[in-house]
Amino acid sequence: MSPLEMHADAAYARVDLLNLVSMVEPGSRVLDVGCGDGSLLRLLAEKRGVDARGIELSQSGVNLCVAKGLSVIQGDADTDLVYYPDGSFDYVILSQTLQAMRQPRLVMEHMLRIGRRAIVSFPNFGHWKIRLQLLTTGRMPVTKNLSYSWYETPNIHFCTINDFIALADEMGAVIEQASALDRFGRPVEMTLPRRMWNLFGEQAVFVLSGQ
Amino acid sequence: MTRRQVADPDKRNEAIEPSSLVAHFGANEPLALESGEILAPWAIAYQAYGALNADKSNAILLCHALTGDQHVANTNPVTGKSGWWETMVGSGKPYDTDRFFIICANVLGSCLGTTGPASLDPATGKPYALHFPVVTIRDMVNAQAKLVDRLGIDTLFCVAGGSMGGMQVLEWAASHSSRVFSAMPIATAAKHTAQNIAFHEVGRQAVMADPDWHSGRYLDEGTRPEKGLAVARMAAHITYLSEQALHRKFGRNLQERAAPTFSFDADFEVESYLRYQGRAFVERFDANSYLFLTRAMDYFDLAKEHDGVLARAFAGSKTRFCVVSFTSDWLFPTRDSRAIVHALNAAGASVSFVEIETDKGHDAFLLDMPELLETTRGFIDSAARARGLTVPARRAEP
């Protein structure tokens, strides 16, 4: 699932990608897990001059990436990360894909093993609109950005920002940087304390490192 | 079947007098083989398409498969059919002859003009037959490297090929890394599996069981082990397809008859098809070459040359790789390609990998597969940009 498929609104997706790009040091080695059509990798290569690599499940995505001159492997993050050597990347990025993993924790453990840092962005299921929808309708929330019904969604492991922080703590990962975006793609940390992010952040980005 | 005499006397003997370009290497330019034997003199026959640019940076070497040849994009002089990769090679094609200088050489041990068992042994004046030394994939690649030297080319822009051709691509990338800017191993493996060795052994035994083989001296005897070679080809041909493809093409259809004949005639279309494939093959291929080339594939194990660790074969490689496999290929299944990809990853090499969905089996790499064309075009164009070569404006930016 690529960010572009997740978000109908391409401009919104673009803000999300640029936010990720800003977190990556120039000239570093980056692995994008679930890189879709290669939009993020291409931005990283253009704006940060990184050595950009990717993994993508769909053949169409891989073809688009290869045509852009990106080094992308057709593969499944749930099963293929195990083949990457320790510390072979500066950053391993999982953009809007964590919730679609069969084993999110295992994937994050591999990311922290393979990369010096892991960057994870995900939709926040604790956002007030989602809570309100569940409370008022009593049915699984469907929003503009999360438009699937429960029975067909590829997003099988939703979490909230607080859930993610708890998992990072449990794994002993260090949160080096964090950011939450509102529904317009603006960072909420400008106006709100971190304890409020879980209510008002539509999505979050965390930069983690192992201990 | 009556015993057929050696090839049509009017037909040119392509093994000895190829209608290709030939690079000759004299007694003073021997080829040292992996077995320890020395081959001299020797020759390598090749076809070339397009033009080499001034700084010699646009050369692509295409490596052919087991029973392929150098006639990649021209009418084959033996069969009269079109070249084996005309879908991929030509003006405006992914391997674009308008932009690249494309070379394809007949492999060492084959029978289309490069030295092989059907070539004349200078010591005896007769065909080498089984006196030809056993050659390996590495030997084939070393022979190609000497041809590339002779053409004055230092670094190849790309080395590409499928199946046994893919093995050569991997060997090039491993043992001549600095001379390979980009590499496309397609439908291949870094080692031949036990099952694949087993199939090859069936084929070889079929050839050797034919009395017309005469312990390999059939050319001296004026015979050809056609039945044995045809059986070998029939068995091998099944491995190039998939069950779905056979079912789709033939099912249980009967061949031009309404009911079974209760005999061993080719009642089924699939039987008739295989018999045709066998007959067509013996018309164009030398039986001893088949033995030698299948052996070369059997011996291929790239990791073994590097202490059993495939990643070491590619350590420090600056080559850009694009690995391609096909979902229904059970001869060189996707897991073999993944093993290559994992090794390249572990070595930190630049690698892309595409698994193409098709029911056409191993032969898919030779067919008109839109996804293969697209992937190749994308990879080659992006590599060309990285190499500073011109890319047509219409797809300068994907």
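**Two chains, two domains and a few unusual backbone spots**

Glu256(B) is exposed, because only 9 other C-beta atoms lie within 10 Å of its own, and a residue counts as exposed at 12 or fewer. I should say straight away that what we are looking at is a predicted model. Glu256(B) sits in the loop that runs between α6 (243-249) and α7 (269-284) of chain B, and its phi is positive, about 45°, although this residue is not a glycine.

Let me stay with chain B and turn to His214(B), which likewise is not a glycine and has a positive phi, here of about 50°. You will find His214(B) in the loop between α3 (194-209) and α4 (218-221) of chain B. Is His214(B) buried or exposed, or something in between? His214(B) is partly exposed, because 16 other C-beta atoms lie within 10 Å, and that count falls between the cut-off of 12 or fewer for exposed and that of 20 or more for buried.

One more backbone feature of chain B concerns the peptide bond between Ala40(B) and Pro41(B), which is cis, with omega at about -10°. Pro41(B) belongs to the loop between β3 (38-39) and β4 (42-49) of chain B.

Now for the wider layout of this chain. The domain assignment divides chain B into domain 1, made of 21-191 + 303-395, and domain 2, which covers 197-295. Their C-alpha centres are 26 Å apart, and where the two meet, 25 residues of domain 1 of chain B are in contact with 21 residues of domain 2 of chain B. On the domain 1 side of that contact, 13 residues are nonpolar, eight are polar and four are charged.

What about the place where the two chains touch? Here 15 residues of chain A are in contact with 23 residues of chain B. On the chain A side, α4 (59-67) and β3 (71-74) each supply at least two residues, and α4(A) gives the largest share, with five residues. By class, this side of chain A has eight nonpolar, six polar and one charged residues.

I will finish on chain A with Ser149(A), which lies in the loop between α7 (128-137) and α8 (161-170) of that chain. Ser149(A) counts as exposed, because it has 9 C-beta neighbours inside 10 Å. From Ser149(A) to Ala204(A) there are 55 residues in sequence, and the distance in space, C-alpha to C-alpha, is 22 Å.

Conventions. Residues are numbered from 1 along each chain as its sequence is written. Chains are lettered from A and ligands numbered from 1 in the order in which they are written. This is a predicted model: local features need pLDDT of at least 70, side-chain atom pairs count only at pLDDT 80 or more; totals for chains, interfaces and linings use all residues. Domain bounds come from an automatic or database domain assignment. Two residues are in contact if their C-beta atoms, placed from the backbone, lie within 7 Å. Ala, Val, Leu, Ile, Met, Phe, Trp, Tyr, Cys and Pro count as nonpolar, Asp, Glu, Lys and Arg as charged, and the others, Gly among them, as polar. Helices (H or I, at least four residues) and strands (E, at least two) are DSSP runs, numbered from the N terminus.
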